[in-house]
Amino acid sequence: MSLDAFRLDGRVAVVTGGGGGLGEGICHSLAAAGATIACVDLTEDKSLARVGDLRAAGASAIAVVADVSDSSSVEAMARRVRDELGGIDILVNNAAIYPARSWTEITEEEWDSVLATNVKGYFLCARACHASMAERGHGRIVNIASITLHGGWDKLLSYVTSKGGVLAFTRALAREIGPEGITVNCVAPGAFPTDAEKIHPDPEGYNQFVLDSQALKRRGTPEDIGNLITFLASDASSFITGQMIGIDGGWVMH
Ligand SMILES: NC(=O)c1ccc[n+]([C@@H]2O[C@H](COP(=O)([O-])OP(=O)(O)OC[C@H]3O[C@@H](n4cnc5c(N)ncnc54)[C@H](O)[C@@H]3O)[C@@H](O)[C@H]2O)c1
């Protein structure tokens, strides 16, 4: 048996939010499998820092500054990746924001910005990367959702709503785009200790709550996420589409 189907040599992967906490594991795992990485983030410091680490590890990577909620910025990002790297095979829609407050305190502007980044941004990036995937007759889109969509979460109404949208978006797009040989899946992480966790006022109590909730008694790592995404980006997952895969140490077991 050969493990070649798990390799990504010669493939180009766009990772949005690549400068963030889970972005680290996603970029490094995809690169370790052989992919060239376009690390997309809002600011140059974040995307350049990640690309510096990737290159130091021997990977091929470029940094692209783009706002996923803005269509002209996303189109320019995809154009640059195609021009510099020759095409796009893999899109990981990972960038998201997660303002936490009671639902009666959410302003209309904040609601709109969460949906614009976390849902519209996924659509804009998929649309911008699609032409290149269609040309190649092959493509992988992996969207990051969240286990919070199963049972809701206190003080995260706009975020949880957006993640429910990511699941529906994944399924609907998978049907429409499957005939072109492009798969669309999403992963639903549990709790990972990134900046996202800083919204919790009692870090130690939250850490214990997470460990008590999981079947596995260790915290998840960015590498855990990266490994799953690398599988979903590879030929080894070519008959899987429209699915959501939980990665939460055995928390919700949905
Ligand atoms: N960390 C967790 O526990 C957890 C749990 C469930 C789901 N998730 C999901 O995982 C993904 C990554 O989260 P993370 O924990 O790494 O958070 P993070 O805040 O560390 O990373 C998010 C990245 O997205 C970037 N970003 C935000 N808005 C952007 C925009 N408009 N355009 C381009 N980039 C933008 C940020 O600059 C940041 O680098 C998100 O989709 C998040 O919802 C995380």
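The axes used for helices here are lines fitted to C-alpha atoms over the stretch in contact, and the angle between two axes runs from 0 to 180 degrees between their N-to-C directions. With that in mind, the tour of this predicted model may begin.

**First stop: two helices.** Select α3, residues 71-85, and then α4, residues 108-136. The two helices pack with their axes 9 Å apart, at an angle of about 30°. Angles under 35 degrees count as roughly parallel, and α3 and α4 are therefore roughly parallel to each other. Their crossing is right-handed.

Next, display the side chains where the helices meet. On α3, select Ser71, Val74, Glu75, Met77, Ala78 and Arg82; on α4, their partners are Leu124, Cys125, Ala128, Cys129 and Ser132. The residues of this contact comprise 7 nonpolar, 2 polar and 2 charged.

**Second stop: the ligand.** Select the ligand and the 29 residues that surround it. The closest are Gly17, Gly20, Gly21, Ala96 and Thr194. Which helix gives the largest share of this shell? Select α1, residues 21-32: α1 contributes 3 residues, the largest share. Helix α4, visited earlier, also supplies at least two residues of the shell. Colouring the shell by residue class shows 12 nonpolar, 12 polar and 5 charged residues.

**Third stop: Arg7.** Move to the segment before β1 (12-16), where Arg7 is found. Is Arg7 buried, partly exposed or exposed? Arg7 counts as partly exposed because it has 16 C-beta neighbours inside 10 Å. Leaving aside residues up to four places away in sequence, Arg7 touches Ala33 and Gly34. Finally, select Ile97: its C-alpha lies 31 Å from that of Arg7, and the two residues are 90 apart in sequence.

Terms used: Residues are numbered from 1 along each chain as its sequence is written. This is a predicted model: local features need pLDDT of at least 70, side-chain atom pairs count only at pLDDT 80 or more; totals for chains, interfaces and linings use all residues. A residue is near a molecule or strand if its C-beta atom, placed from the backbone, lies within 6 Å of it. Helices (H or I, at least four residues) and strands (E, at least two) are DSSP runs, numbered from the N terminus. Ala, Val, Leu, Ile, Met, Phe, Trp, Tyr, Cys and Pro count as nonpolar, Asp, Glu, Lys and Arg as charged, and the others, Gly among them, as polar. A residue is buried if 20 or more other C-beta atoms lie within 10 Å of its own, exposed if 12 or fewer, and partly exposed in between; C-beta atoms are placed from the backbone. Two residues are in contact if their C-beta atoms, placed from the backbone, lie within 7 Å. Angles under 35 degrees count as roughly parallel, over 145 as roughly antiparallel, 65 to 115 as roughly perpendicular and the rest as oblique. A crossing is left-handed if the near helix is turned anticlockwise from the far one by less than a right angle, and right-handed if clockwise.
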